[in-house]
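Trainee: Please choose one part of this model and take me through it closely, with the packing around it and the way it sits in the rest of the structure.

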Amino acid sequence: MKRKTRIGLLILVTALFAAVPLILDSENSYYVYFLFMAFTYIALSQSWNLVAGYTGQISLGLHAFFGLGAYVIAIGWGKEIIGFLDPLGMVLSGLIPAILAVAIGIPLLSKLRGDYFALGTLGLGEILRLIFIQGGALTGGSAGLMLPSSSYTSMLPYYFIALFLAVFATAVTYLMVKSSLGWALISVRDDETAAAANGVNVLKYKVLAFTVGAFMAGLCGSLQAYYLFHVHPQNFFGLNWTLYPILMCVMGGVGSTIGPVIGAVFLSAVFELAKILLPEIHPIFSGVLIVLTIIFLPDGLVRLRWFRNIFEGRKTESPINLKLFTGKEK
Amino acid sequence: MFYLPPIDILLQIMINGILFGAMYGIAAIGLSLIFGTMQIIFIAQGAMIILAAYGTFWLFHFFSMDPYLSIIVIFPVSVIFGLGLYQVLFRRVARAGKFPSLLIAFGLMVLLENLMSVLFTPNSRGLRTSYTAFGISALGLKISFTRLMAFIMAILATTGVSLFLKKTLIGKAVRAASENLESATLVGITPHKVNMVTFGIGIGLAGLAGVATATTYSFGPYFGFVFSLKAMIALALGGMGSVVGALMGGVLLGVLESYGAFFLTGGWADVISYAAFLLVLMFRPEGLFVRSSGSERP
């Protein structure tokens with residue numbers, strides 16, 4: 001497909017989803033809730049996709065930024081600095097994780113070894129969770145912060161904001177990747193040494209991708225905080241907020257713009273079905289699914305031949321197949 | 001807020017920390033071996049430890065088998081389990097690099113944790129033997145017997161693994177592969193075999209750590225993740241790819257934690273250990289006990 005067709009398709013799909021609340025009763029429909037969650041996951045998956053799929057840096061700390069974004073809203077709202085579904089507040093909830101990403105990213109990403117980054121980001125999530133548990137009155141400890149749930153009027157704003165976040169994350173990823181910036185990111189992923197030798201400021205681009213990813217994750221966290229009205233460390237700093245987006249990304253196809261979208265929608269549906277049909281064992285199910293996906297479908301759904309024929313029209317190489325994730329010693 | 005307690009209390013905390021940390025050390029050695037050859041952090045190590053702890057628990061519960069005696073069952077079973085795990089899950093993807101392996105380990109952790117939660121209920125369990133509360137008093141210090149045993153197990157495991165790596169042919173192959181996989185392959189070392197051996201030993205050590213855990217703590221299905229993290233911290237402190245370093249990292253972490261818990265509160269102790277972890281990763285990624293060579297080990 002050509003670029004124009006792709007953008008046209010994005011607009012068409014967005015318009016279709018935007019029309020969903022016209023057909024379904026947004027207050028009672030389970031599908032609207034489902035789509036709301038799926039959109040959030042699309043945005044989170046794109047965030048991870050940008051960092052891991054295009055820049056090759058495996059972050060295991062999505063939940064750190066997600067939770068931080070949620071707490072920005074919870075604390076800000078409690079102090080009456082931020083209002084209900086306040087756009088400025090949401091931007092702030094993206095900016096603060098982004099600042100943290102710069103602060104933590106520069107030392108961690110300047111190392112040659114990708115493992116340090118994966119471990120460090122995992123540690124970051126854990127450390128933030130503990131700090132927020134210990135935070136006393138400001139963070140509400142392990143019980144978390146309750147927000148004024150009387151502000152809730154309708155599901156519609158949540159739905160549209162989530163849709164906006166999904167489109168925003170996808171568009172940002174697409175635009176970044178299609179620009180010269182994207183070439184820099186991909187060159188860093190494919191061969192760091194060669195990229196550096198060709199004058200690419202490796203650290204700058206790694207940190208940039210990580211920061212943009214953190215910004216998106218923070219935004220998603222703030223929306224969930226507004227939706228749940230109860231921000232507490234166990235949920236918002238839960239590892240599932242990293243695990244599911246990674247799984248969705250890999251399932252859909254790492255390092256392709258459409259992959260995370262497909263993966264997120266598909267897996268959200270699978271998980272919801274599992275929750276309904278197999279309520280007891282559905283977490284086991286997600287574990288099995290990760291293992292099976294990696295073993296049998298490491299390149300993702302978008303790189304299956306039939307899919308490629310429909311959508312891509314040309315062969316897109318999978319970064320996993322090409323051993324680009326090997327982090328091969330240089 | 002800060003006061004200096006008498007020296008014997010400080011010493012007692014130190015000893016508790018050392019004994020405590022030895023267990024992290026056992027887990028970290030397993031991680032270190034797997035990391036050496038496969039270049040991945042086997043994040044499911046903690047879940048494996050808890051699985052072994054459950055094994056010990058059930059052996060005691062149903063067959064009244066002494067936890068330390070059950071090592072003769074747990075260790076071989078864990079080794080075989082590790083070998084099988086590599087063959088079934090990792091063999092296919094090991095070639096494609098470490099990224100898929102890392103994710104499989106992640107999935108395995110989720111799978112095991114939830115499987116244990118369904119099978120064994122999420123309630124935490126603890127072993128109660130005749131010697132659980134037994135302690136040895138020496139020089140005014142009190143040493144818990146079970147923790148001392150855990151420490152001895154850690155020392156034995158470290159010695160055993162070190163000897164294995166230095167004296168046996170397979171051990172030398174493992175070392176060669178960790179040093180440089182390509183050159184090792186050139187001289188006829190099969191990467192799959194080496195990977196499989198390290199997995200076997202790694203999971204075997206998780207089995208040992210599981211026995212040590214079962215005798216000293218109460219545990220639940222989800223405790224493994226924290227264990228993995230702690231083992232990882234121990235590994236980072238000690239320097240990746242060094243067996244003795246891993247044990248020392250574990251001990252250091254144990255001491256750090258027990259002083260942290262004494263001077264601050266339990267929750268902040270964890271924050272301190274994670275902060276130490278992040279700082280080491282940022283500024284001294286080759287570990288505290290490895291002489292810095294100026295260049296990073298690839």
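Mentor: Two residues are taken to be in contact if their C-beta atoms, placed from the backbone, lie within 7 Å. With that in mind, and remembering that this is a predicted model, let us look at helix α2 of chain B, which covers residues 45-63, and then move outwards from this helix.

Start with helix α3 of chain B, residues 71-94, whose axis comes within 10 Å of that of α2(B) and crosses it at roughly 145 degrees. The crossing of these two helices is right-handed. On the α2(B) side the contact uses B:Ala52, B:Gly55, B:Thr56 and B:Leu59, which meet B:Val73, B:Ile74 and B:Ser78 of α3(B). Sorted by class, the residues of this contact are four nonpolar and three polar, with no charged residue.

Between α2 and α3 of chain B runs a loop that holds B:Ser64, and the backbone deserves a careful look there, as phi of B:Ser64 is near 45 degrees, a positive value in a residue other than glycine. Most residues other than glycine have a negative phi. B:Ser64 has 8 other C-beta atoms within 10 Å and therefore counts as exposed, the cut-off for that class being 12 or fewer.

A second partner of α2(B) is helix α9 of chain B, residues 224-238, which packs against α2(B) at an angle of about 125 degrees with the two axes 6 Å apart. That angle makes α2(B) oblique to α9(B), and the crossing is right-handed. From α2(B) this contact draws on B:Gln45, B:Gly46, B:Ala47, B:Ile49 and B:Ile50, while α9(B) contributes B:Gly224, B:Phe225, B:Val226, B:Phe227, B:Ser228 and B:Ala231. Here the classes come to seven nonpolar and four polar residues, again with none charged.

Moving outwards within chain B, helix α8, residues 191-216, can be checked by its length: at 1.5 Å a residue its 26 residues should span 38 Å, and the 37 Å between its end C-alpha atoms agrees with this. Of those 26 residues 23 are buried, so α8(B) is largely enclosed by the rest of the structure. The loop between α7 and α8 of chain B contains B:Ile189, which has 18 other C-beta atoms within 10 Å and is therefore partly exposed. Leaving aside residues up to four places away in sequence, B:Ile189 touches B:Ala173, B:Ala176, B:Ala177, B:Ala184 and B:Val194.

Helix α1 of chain B, residues 7-38, offers B:Ile29, a residue that counts as buried because 34 C-beta neighbours lie inside 10 Å. The C-alpha atom of B:Ile29 is 5.6 Å from that of B:Val243, although the two residues are 214 places apart along the chain. Beyond residues up to four places away in sequence, the contacts of B:Ile29 are with B:Ala157, B:Thr158, B:Val161, B:Leu205, B:Val243, B:Ala246 and B:Leu247.

Finally, chain B meets chain A in a contact that takes 40 residues from chain A and 36 residues from chain B. On the chain A side, α5, α6, α12 and α14 each supply at least two residues, and α6(A) gives the most, with twelve. The residues on that side of chain A divide into 25 nonpolar, eight polar and seven charged.

One helix pair is worth following across from chain A to chain B: α14(A) packs with helix α4 of chain B, residues 98-120, at an angle of about 155 degrees, with the axes 8 Å apart. That makes α14(A) roughly antiparallel to α4(B), and their crossing is left-handed. The residues that make this contact include A:Pro283, A:Ile284, A:Val288 and A:Ile294 from α14(A), and B:Pro100, B:Leu103, B:Phe106 and B:Val118 from α4(B). By class, the contact has 15 nonpolar and four polar residues and no charged residue.

Terms used. Residues numbered from 1 in each chain as written. Chains lettered and ligands numbered in written order. Predicted model: local features only at pLDDT ≥ 70, side-chain atom pairs only at ≥ 80, totals over all residues. Helix = DSSP H or I, 4+ residues; strand = E, 2+ residues; numbered from the N terminus. Expected span 1.5 Å × (residues − 1). Buried ≥ 20, exposed ≤ 12 C-beta atoms within 10 Å, placed from the backbone. Nonpolar A, V, L, I, M, F, W, Y, C, P; charged D, E, K, R; others polar. Axes fitted to C-alpha atoms, helices over the stretch in contact; angles between N-to-C directions. Parallel < 35°, antiparallel > 145°, perpendicular 65-115°, else oblique. Left-handed = near helix turned anticlockwise from the far one by under 90°.
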